[in-house]
Every structure is written in C-alpha cells, then in structure tokens.
Amino acid sequence: MNTNRLKWLLAVLLLGLLPQAGMAATNIGRGNWGADPQSPDTDNITDSATITINSAAMAVVKLAFMDDATGTLVASGSTVAAGTIVKFMIYVDNSTAVAMNDVRLEDLLNETAFTYQAGSLKWNTASTNTASALATIFGNTDTGTALTDAISGVDVGSADVTQTPNDRITFGAHSAQTNGALNIPAGKIAAFLFRARVN
Ligand SMILES: [Ca+2]
Ligand SMILES: [Ca+2]
Ligand SMILES: [Ca+2]
C-alpha cells in the first residue's frame, strides 16, 4: 500500500473513532410592513442579524479501576482473577457554557458476569471542573457523596438488582427508576462510581 493510501485509510479510521462534531443552527427573524417579509431582505423592515446556536455532542465515558483509592485503571480487555472487585466509574463532561438539565444515565450490568456490591453508589455532586485530569475525576467521585440503592427522588441514583439478566443502575429521572433529576452545570463533570465483583 502506498503512503498516501495509508494516510487516507488512517484518516477514515480516526474519523470513525472521533466524537460527532457539534451542529451549528442558524436563524433569522424577518419582518415587513404592508406585505409579507421578503428574502433577500429588500423590504420596509430590516430583518434581524443571523443568530447561530452551536450544539455539542456529549459523550458518556465508562472506566474500571482497582478496588482501592489509587485510581489504578483496569483496562478494557484485562484479565483478572475470578472474585476480583472493581470500581466502575461513568461520567459526562459538560464542556459547554449551558447547563444540561434532566440528564439520564443507565448502566446495564450483566448479573452473570458481575455481582453489584450493595450500597456502593457514589457521585461527585457534579462539582468537578470540565476537562479535569482523570485522577481528579476519580478522586472527587471515590471520596464523593453516597447514593442509596433505593429508587426514590431523595437522590440521583439507584441500583435495581431485581432486573434480569442485567441489573440496572441508573442516574437521573429515568422513567423506570425515578431518581431525582440530574442537572449538570455549565463547565462541570457529573461522575458516578459503584463496585462490582467479577464472577
Ligand atoms: Ca425584512
Ligand atoms: Ca437512591
Ligand atoms: Ca438481577
């Protein structure tokens, strides 16, 4: 394969891996007097300037760590001894200047492969700054606020192990697990952590 073809192939592969680019939505308010507004704007009332609103595509990140406070990653594809307990962390980074309200997250945990550890839900109260180092996100969450497994509006998370074949762990006002609403302020990360045994 020649170099150009290889570069092209690599570019295509990378594009497939990158998050979707944000969308730019543009709009104009038009007006006229004595007739409908005209486009282009040659009538009696000058139209508004174009207003552009950008939308960013957010992503959920899920990682596994050793069951201690070191924040040591367990890479996807790793092999561990049966019975090992890991910490799973999932988070969303709201890098925008606008709050994300009513965010809902769902983690379906295969109950054959993993055993959810009762009472292990925690979160960082969406207080970690956007683009923080992974160690900071982990630290803030690992030492964060406990969430009850129970489904109620008292807090933003719950674990329903009665579901099968996957236990269902949710955050935010999920329709099947009505937790409290999860709102992520502008420029903040909401991160959650729970423990599970690898069976
Ligand atoms: Ca006009
Ligand atoms: Ca709860
Ligand atoms: Ca179950």
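The secondary structure of the protein chain comes to 2 helices and 15 strands, where helices (H or I, at least four residues) and strands (E, at least two) are DSSP runs numbered from the N terminus. This is a predicted model, in which local features need pLDDT of at least 70, side-chain atom pairs count only at pLDDT 80 or more, and totals for chains, interfaces and linings use all residues. Residues are numbered from 1 along each chain as its sequence is written, while chains are lettered from A and ligands numbered from 1 in the order in which they are written.

The predictor's confidence in each residue is expressed as pLDDT, on a scale from 0 to 100; its mean over the protein chain is 90, and 89% of the residues reach 70 or more. Over residues 8-20, however, pLDDT stays under 50, and the model has 3 contacts beyond four places in sequence for this stretch, a contact being a pair of residues whose C-beta atoms, placed from the backbone, lie within 7 Å. Where pLDDT is low, the predicted coordinates should not be read in detail.

Across the protein chain, 66% of the contacts between residues at least 6 apart in sequence join residues at least 24 apart. Of the 199 residues, 24% count as buried; a residue is buried if 20 or more other C-beta atoms lie within 10 Å of its own, exposed if 12 or fewer, and partly exposed in between, with C-beta atoms placed from the backbone.

A good place to enter the fold is strand 15 (residues 188-198), which is mostly covered, with 8 of its 11 residues buried. Strand 5 (residues 85-94) pairs with strand 15 in the antiparallel sense over 10 bridges, two strands being paired if DSSP finds at least two bridges between them, and within this pairing Ile90 stands opposite Phe192. Strand 8 (residues 114-116) also runs antiparallel to strand 15, over 3 bridges, with Phe114 opposite Val198. Strand 9 (residues 122-123) is joined to strand 15 by 2 antiparallel bridges, where Lys122 stands opposite Leu193, and strand 10 (residues 128-129) pairs with strand 15 in the antiparallel sense over 2 bridges, with Ile189 as the bridge partner of Thr128.

The largest nonpolar core, that is, a set of buried Ala, Val, Leu, Ile, Met, Phe, Trp, Tyr and Cys residues joined through C-beta atoms within 7 Å, has 30 residues, of which Phe88, Met89, Tyr91, Ala190, Ala191, Phe192 and Phe194 touch the most other members. Two or more residues each are given to this core by strand 3 (60-66), strand 5, helix 2 (134-142), strand 13, strand 14 (182-184) and strand 15, and the largest share, 7 residues, comes from strand 15. Leaving aside neighbours within four places in sequence, Tyr91 is in contact with Val61, Ile137, Ile189, Ala190, Ala191 and Phe192.

Elsewhere, an open sheet of 3 strands has the order 7-13-12, with antiparallel pairing. Strand 7 (105-110) and strand 12 (157-160) stand at its edges, and because each has a single partner strand, one side of each is left without a neighbour in the sheet. Strand 7 and strand 13 (residues 166-171) pair over 6 antiparallel bridges, with Asn110 standing opposite Asn166.

Strand 1 (23-27) and strand 2 (51-55) pair in the antiparallel sense over 5 bridges, one of the facing pairs being Ala25 and Ile53, yet strand 1 is hardly covered, with 0 buried residues among its 5. The loop between these two strands holds Gly29, which is exposed because it has 10 other C-beta atoms within 10 Å; beyond four places in sequence, Gly29 is in contact with Asp47 and Ser48. Pro40 lies in this loop as well, and a cis peptide bond with omega of about 0 degrees joins Ser39 to Pro40.

Most residues other than glycine have a negative phi, and most peptide bonds are trans. A cis peptide bond also joins Thr164 and Pro165, with omega of about 5 degrees, and Pro165 has its place in the loop between strand 12 and strand 13. Asp102, in strand 6 (residues 100-103), has a positive phi near 55 degrees and is exposed, with 10 other C-beta atoms within 10 Å. Ala126, found in the loop between strand 9 and strand 10, has a positive phi near 55 degrees, but Ala126 is buried, with 22 other C-beta atoms within 10 Å.

Conventions: Contact = placed C-beta atoms within 7 Å.
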